[in-house]
Amino acid sequence: MTFCAFAAAALLPRLMPLRSMACRLGWLAGSATLSLAGGTASAQLLDLPSGIPGYGASPWVTNGLPGYATGPRAAAAAARQQFYEPLGVRLGGFLLYPTASEAVGYDTNPEGQPNPAGSLAEATDASLLATSNWNRNAVAVFGGIDDHRYPQQSEQSTTDWTVAGGARYDLGRDQLVATYLHLNSHLTPRDLNIPQITEPEPYTADDFRLGYRAELARLTLTPVADFTEWRYANLIQNGLPLVLTYQSRNVATASLMLGYQLSDLHRLLVVARGVDTHFVQPLAGQPGFDSRGPDFLAGLDYDTGGVWHYRALMGYQARFYVSPAFSPFGGVTANAQLSWAPTGLTTLTASFLRAIEEDAATTTTVGYTLTHGGLVIDHEYSRNLLLEAHAVADQAAYQQGGGEATILGAGFAATWLLNRKMQATMSYDYNRRLSGGTSFIENVFLVHLRFAL
């Protein structure tokens, strides 16, 4: 665990980052930086540190397994910032990394409604990561809690918590990884895919994951099996019951990633995945949303060793529904990232994603096609002053003629690394949804202070 993991979380200290419902276990949210083998997402909803084996930013849950270099610029930045890196607390063969933070500011539209009413915004979070400090094998556990308060809009306040654990067993050059995660969280009216709610919707997720990484000369094989249980609760909204338990589902995924090292800087990637989705509480008299389908991606990961790095993959996704009420659905999928570091202190990262999502946000559509585009610019003004700006666009095109919804976002942040234990961040975020009668605009201003040992 390095300071970079803590800095990444502080650079985008949004109280409630924009996300679609399917971003929760590693697709992506906001201006995430995507990786297929070991990167981090600066604004993903599941904000786990990089020290947990088996979890990362890969959209198809194939990363988090070790073996992907962070690049020369990242290594140089870490070297420059080493004097501000938390040292952790040593406990036998483990290192403990406790963190706590407090953010205060103002949110002009915490309800995500066309006629906004603003509120003061407060966010308190605390976490503890414990990782083994062994030469071989690894064990890590994580616990975190996030509390968000809106004094003038108290019905929008939420308290979320997460616990996770993972273990890696080294077998020669190969690695076996097993992980578990439990998440108690909320969807909000400002999310991309749920405009029908006016207050946060609670849900839980339990994720079980088993992966293996086999090194065969230039070829790397990474099979992963994943099972996730999503559970939702009903709401009382405007004095009337709102049934949302029909979104509860079990998702079983089996995937295989093949990486072939063409050279020291070129790698060919192929990802194949099968997905089975079963909705456990369908609405009476409504067709079920159960589906199965294959996903496929192939492309190239290229690092020049200098100012350019890109990853580009394209493929196809298809979903076949058990109910004859829904026709099979499929389309081209793509996942791309381009990074440009014109100097040793500045990096521009552009990302693009197009994929099928299967969240049953309404009772009349089984899913949508998500298209994401993002741009992040970060600059090290000095060794302890980090600047960041971003822009993002997410569009949901719903099946069965359900229309479209678009969320646009932009913002900037400045992080001051005070010392090894403290950092301060000032940030501004602008969010806008374009979706007919549920369109809204939101501005969020925050001052954020983080402590770490």
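## The chain as a whole

Of the 453 residues in this protein chain, buried ones make up 51%. Keep in mind as you look around that the model is predicted. The chain is built with 2 helices and 21 strands.

How do the contacts spread along the sequence? Taking the contacts with a separation of 6 or more, 60% of them join residues that are 24 or more positions apart. On the outside, the chain exposes about 18,300 Å², and carbon and sulfur atoms supply 64% of that area.

## A nonpolar patch on the surface

Let us turn to one spot on the surface. Which residues make the nonpolar patch here? They are Val307, Trp308, Tyr310, Leu338 and Trp340, and the patch they form covers about 420 Å². Two elements give two or more residues each to this patch: strand S14 (308-321) and strand S15 (329-340).

Leu338 is a good residue to find in the viewer, and it sits in strand S15. Is Leu338 buried, partly exposed or exposed? Its relative accessibility is 36%, so Leu338 counts as partly exposed, because that class lies between under 20% for buried and over 50% for exposed.

## Aromatic pairs

Next come the rings. The count of aromatic pairs in this model comes to 11. One of them joins Tyr203 and Tyr232, whose ring centres are 5.7 Å apart with 35° between the planes, making the pair tilted. This pair links distant parts of the chain: Tyr203 belongs to strand S7 (residues 201-216) and Tyr232 to strand S8 (residues 219-232), with their positions 29 residues apart. Both of these tyrosines, Tyr203 and Tyr232, are buried.

Another pair takes us back to the surface patch. Trp308 and Trp340 are stacked, with 5.7 Å from centre to centre and 20° between the planes. The angle explains the label, because planes under 30 degrees apart count as stacked. Here too the pair links distant parts of the chain, with Trp308 in strand S14 and Trp340 in strand S15, 32 residues apart.

How accessible are these two tryptophans? Trp308 has a relative accessible area of 40%, so it is partly exposed. Trp340 counts as partly exposed as well, because its relative accessibility is 34%. Both Trp308 and Trp340 are members of the nonpolar patch described above.

## A cluster of rings

One more feature is worth a look. Which residues do ring pairs link into a cluster? The members are Phe279, Phe289, Tyr321 and Phe326.

Note on methods: Residues numbered from 1 in each chain as written. Predicted model: local features only at pLDDT ≥ 70, side-chain atom pairs only at ≥ 80, totals over all residues. Heavy atoms only, no water. Patch = residues over 30% accessible without salt bridge, like charges linked within 9 Å, V, L, I, M, F, W, Y side chains within 5 Å. Areas by Shrake-Rupley, 256 points an atom, 1.4 Å probe, with all protein chains shown as cover. Salt bridge = Lys/Arg side-chain N within 4 Å of Asp/Glu carboxyl O. Helix = DSSP H or I, 4+ residues; strand = E, 2+ residues; numbered from the N terminus. Buried < 20%, exposed > 50% of the residue type's maximum accessible area, 1.4 Å probe, protein only. Phe/Tyr/Trp six-rings, centres within 6.5 Å; stacked < 30°, edge-to-face > 60°. Contact = heavy atoms within 4.5 Å.
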